[in-house]
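Open the model in your viewer and keep the selection tool at hand. Each stop says what to pick and what is there.

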Amino acid sequence: LLTDGQLWAQRESELKGETERMARELRDNLLGPDIWRVLEPATRTFLASAEAVFRARKEDPAFDFSGSAVEYAKAVETELNALLFPAFQKALSGHREADRTVLVEGETLDLGRNVPPQSLGAIQVMLDKKPLVASTVRKALSKDADWILEGLPHQLRHIMDLRNPAAHGRAVTRDQVQARRQEIL
């Protein structure tokens, strides 16, 4: 299969190389090795891929940045799933089942057990509207509880306002991605 005169495998190899280069750039010159090391591997991949495309195409006003918008959002989603749910499980594992479950998007989640990955929307609803989640954040993540419960839901709404149209076929401009990109990075 040819893509702009290149074989698909050649183009894929170039993209992979650029993503790997961007991962090193983010690690060495933006986030630092200590922060990079504690990020989930999938988070690092989403960030590097999104940033590689964003930087390569940022001067093209007609380019659709939907892919980057979705990948930046997936990085946040992946990291929040890795941070919140293991902390909840640890804090609630000895409690009665009735005292550790929440209803989110029609599904009952037992926060004292392994929780399957949740969407940004589900996480935002839990942080904003579920008293069990708020009290567990205050217990399990007390140092960061104020930011997690007060600042993060607001930021998640902004990220979802960008990601949702991008994920459902609407074009996203560089300027729309720029503000969220800066917050995420």
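Select Ile35. It is partly exposed, because its relative accessibility is 44% (buried means under 20% relative accessible area, exposed over 50%, partly exposed in between, with a 1.4 Å probe and protein chains only). Ile35 sits in helix H2. Now add Lys129, 94 residues away along the chain: the two C-alpha atoms are 30 Å apart.

A word on what you are viewing. This is a predicted model, in which local features need pLDDT of at least 70 and side-chain atom pairs count only at pLDDT 80 or more, while totals for chains, interfaces and linings use all residues. Residues are numbered from 1 along each chain as its sequence is written, and side-chain values use heavy atoms, with hydrogens and water left out.

**Whole chain**

Zoom out and colour by secondary structure. The protein has 8 helices and 4 strands (DSSP runs numbered from the N terminus: helices are H or I, at least four residues; strands are E, at least two). Along the sequence they run β-β-α-α-α-α-β-β-α-α-α-α. The C-alpha atoms fill a box of roughly 60 × 35 × 30 Å along the principal axes. Of the 185 residues, 38% are buried.

**The largest pocket**

Select Leu39, Val76, Glu79, Trp147 and Ile184. What do they surround? The largest pocket has a volume of about 590 Å³. Of its 21 lining residues, those five are the closest to the centre. (On a 1 Å grid over the protein atoms alone, a pocket is an open set of points where a 1.4 Å probe fits, with protein on both sides within 12 Å along at least five of seven lines; lining residues have an atom within 4 Å of a point. The volume is the space filled by probe spheres set on the points, which are joined across faces, edges and corners.)

Next, show helices H2 (33-38), H3 (41-57), H4 (66-92), H7 (145-167) and H8 (174-184): each supplies at least two lining residues. The lining divides into 16 nonpolar, 2 polar and 3 charged residues (Ala, Val, Leu, Ile, Met, Phe, Trp, Tyr, Cys and Pro count as nonpolar, Asp, Glu, Lys and Arg as charged, the others, Gly among them, as polar).

**Aromatic pairs**

How many aromatic pairs are there? The count is 3 (rings of Phe, Tyr and Trp, the last by its six-membered ring, pair if their centres lie within 6.5 Å; planes under 30 degrees apart are stacked, over 60 edge-to-face, the rest tilted). Select Phe63 and Phe65: their ring centres are 4.9 Å apart and their planes at 80 degrees, so this pair is edge-to-face. Phe65 is buried, at 0% relative accessibility. Add Phe54; ring pairs link it with Phe63 and Phe65 into a cluster.

Move to Phe85 and Phe88. This pair is also edge-to-face, at 5.7 Å between centres and 90 degrees between planes. They are 3 residues apart in helix H4, so about one helical turn separates them. Phe85 is buried at 4%, and Phe88 is buried at 1%.

**The cores**

Select Leu84, Leu111, Leu127 and Val137. Of the 29 residues in the largest nonpolar core, these touch the most other members (a core joins buried Ala, Val, Leu, Ile, Met, Phe, Trp, Tyr and Cys residues through side-chain atoms within 4.5 Å). H4 gives the largest share, 8 residues. Apart from this core lies another, of 19 residues, including Ala50, Phe65, Tyr72 and Val177.
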